[in-house]
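Colleague: I would like a close look at one part of this model, the ligand site. Please take it step by step and keep to what can be computed from the atoms.

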Amino acid sequence: MPPEAPQPPLRLVLDTGALIANWRALDRLSGSARAGAAVKADGYSTGARRVVTALAGVGCRDFFVAYSSEAAELTALVDPGQISVLHGPLSASDVHFMQQSGLRPVINSLPQARLWLEAGGGTCDLMIDTGINRLGLSMASLGDPLVAKLDVQVLMSHMASADEDCAQNEVQRLRWEEARRQINTPEASLANSAAIMLGSAYHGDLTRPGLSLYGGIPRAEMAEHIAPVIQPQVAILQVRDLVAGESVGYNATFTASHAMRVGVVALGYADGYLRAWSGKGLMHHGEAAFPVIGRVSMDMTVIDLSAAPQLREGDWLDLAYSLPESAEVTGLSQYELLTLLGRRFAR
Ligand SMILES: *Cc1c(COP(=O)(O)O)cnc(C)c1O
């Protein structure tokens with residue numbers, strides 16, 4: 001047996017209680033519909049396995065991933081029929097895998113419908129495009145005989161601009177209603193996190209929040225319902241003392257104006273802490289705050305340790321990573337801020 005590697009000096013703490021509270025809030029806000037959970041991209045990088053385990057434990061029944069390869073690590077945790085694969089079957093071997101595993105594909109096109117039916121079919125969901133023009137069957141194809149042959153559980157569509165108040169929301173909702181009249185399915189679903197706040201007309205039978213489960217706030221009125229879920233923590237690798245005039249990092253974008261103590265921390269753009277944070281990020285140890293100085297590099301970031309110069313190598317810091325505020329500071333979206341968080345974080 002090879003020796004077990006030590007834990008890396010960066011970790012992503014997941015507040016499971018807050019995750020569960022957020023799902024319950026979204027389920028409540030979904031009114032008579034039930035809330036599912038989008039766990040694609042490894043649960044928006046928080047760790048899909050622990051998210052599915054936690055949410056299935058409190059009654060969440062519907063999970064969404066993009067690819068069947070993402071579902072593979074989840075099929076032991078819940079009934080595979082509760083996992084919908086949003087991109088649908090992408091090849092004959094993908095169909096085979098889904099059928100062997102008991103996963104539920106989301107059919108997005110007539111070719112996918114044919115692929116699924118030719119392999120014997122089975123329960124599926126159907127995605128209708130109502131205006132995002134990404135994946136989904138066009139409204140004009142709803143009457144195709146292939147569609148009539150599908151055993152559809154949930155008729156879905158996906159909102160393009162639910163985080164804004166705009167005419168497109170109502171246009172999409174009306175098309176989704178029209179599709180529901182044309183295809184009678186047991187259940188219908190339209191809302192992502194943001195669309196849950198647009199009211200009961202958008203809820204159908206099932207909502208599909210992702211971002212807000214993990215603490216994201218796509219509409220201001222969600223703030224009172226949603227709690228932060230993740231806290232990245234990083235350790236100090238080295239403490240250094242600079243004299244006035246010394247610079248820090250690539251391209252010397254920071255120069256010390258006086259003698260100061262700095263900390264080199266185990267976090268870089270390879271971990272998803274992009275250069276957008278250079279000169280803008282903040283870390284904390286209790287009450288003390290440490291600004292990022294100079295450029296973020298691949299595996300390291302340097303902070304001004306003046307607020308707590310007694311800190312030493314190996315001490316842990318909390319990274320300031322509130323999703324709404326971080327989006328303001330960096331110009332990245334809350335979705336990007338979550339999904340960027342890299343594989344080196346111990347989860
Ligand atoms: C990602 C995704 C969701 C979740 O969206 P959020 O904005 O993260 O709540 C829901 N439905 C589909 C089809 C998706 O691709």
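How many residues surround the ligand, and which are the closest?

Modeller: This is a predicted model, and what follows should be read as a description of that model. In it, the ligand is surrounded by 14 residues. The closest of them are Lys40, Tyr44, Ser193, Leu211 and Tyr335. By class, the shell around the ligand is made up of seven nonpolar residues, four polar ones and three charged ones.

Three of the closest residues can be followed down to individual atom pairs. For Tyr335, an N or O atom of the side chain is 2.5 Å from an oxygen atom of the ligand. For Lys40, the distance between a side-chain N or O atom and a ligand oxygen atom is 2.6 Å. Leu211 takes part through its backbone: one of its backbone N or O atoms is 2.8 Å from an oxygen atom of the ligand. With polar contacts defined as pairs of N or O atoms within 3.5 Å, the pair at Tyr335 qualifies at 2.5 Å, the pair at Lys40 at 2.6 Å and the pair at Leu211 at 2.8 Å. On its own, the ligand has 390 Å² of accessible area, and the protein covers 93% of this.

As for the space itself, the ligand takes up the largest pocket. The structure also holds one cavity of 30 Å³ or more, and the volume of the largest cavity is about 30 Å³. Its lining includes Arg61, Asp62, Arg104 and Asp125, along with Phe64, Val154 and Leu206. Gly81, Gln82 and Ser84 also belong to the lining of the largest cavity. Sorted by class, that lining has four charged, three polar and three nonpolar residues.

For the wider setting, the chain is divided into domain 1, residues 16-217, and domain 2, residues 230-321. Taken over C-alpha atoms, the centres of domain 1 and domain 2 are 41 Å apart.

Note on methods:
Residues numbered from 1 in each chain as written. Predicted model: local features only at pLDDT ≥ 70, side-chain atom pairs only at ≥ 80, totals over all residues. Heavy atoms only, no water. Near = heavy atom within 4 Å. Polar contact = N/O pair within 3.5 Å; in protein donor to acceptor, adjacent residues only side chain to side chain. Areas by Shrake-Rupley, 256 points an atom, 1.4 Å probe, with all protein chains shown as cover. 1 Å grid on protein atoms, 1.4 Å probe; cavity = no way out; pocket = protein on both sides within 12 Å on 5 of 7 lines; lining within 4 Å. Sits in = over half its atoms within 2 Å of the grid points. Nonpolar A, V, L, I, M, F, W, Y, C, P; charged D, E, K, R; others polar. Domains from an automatic or database assignment. Points joined across faces, edges and corners; volume = space filled by probe spheres on them.
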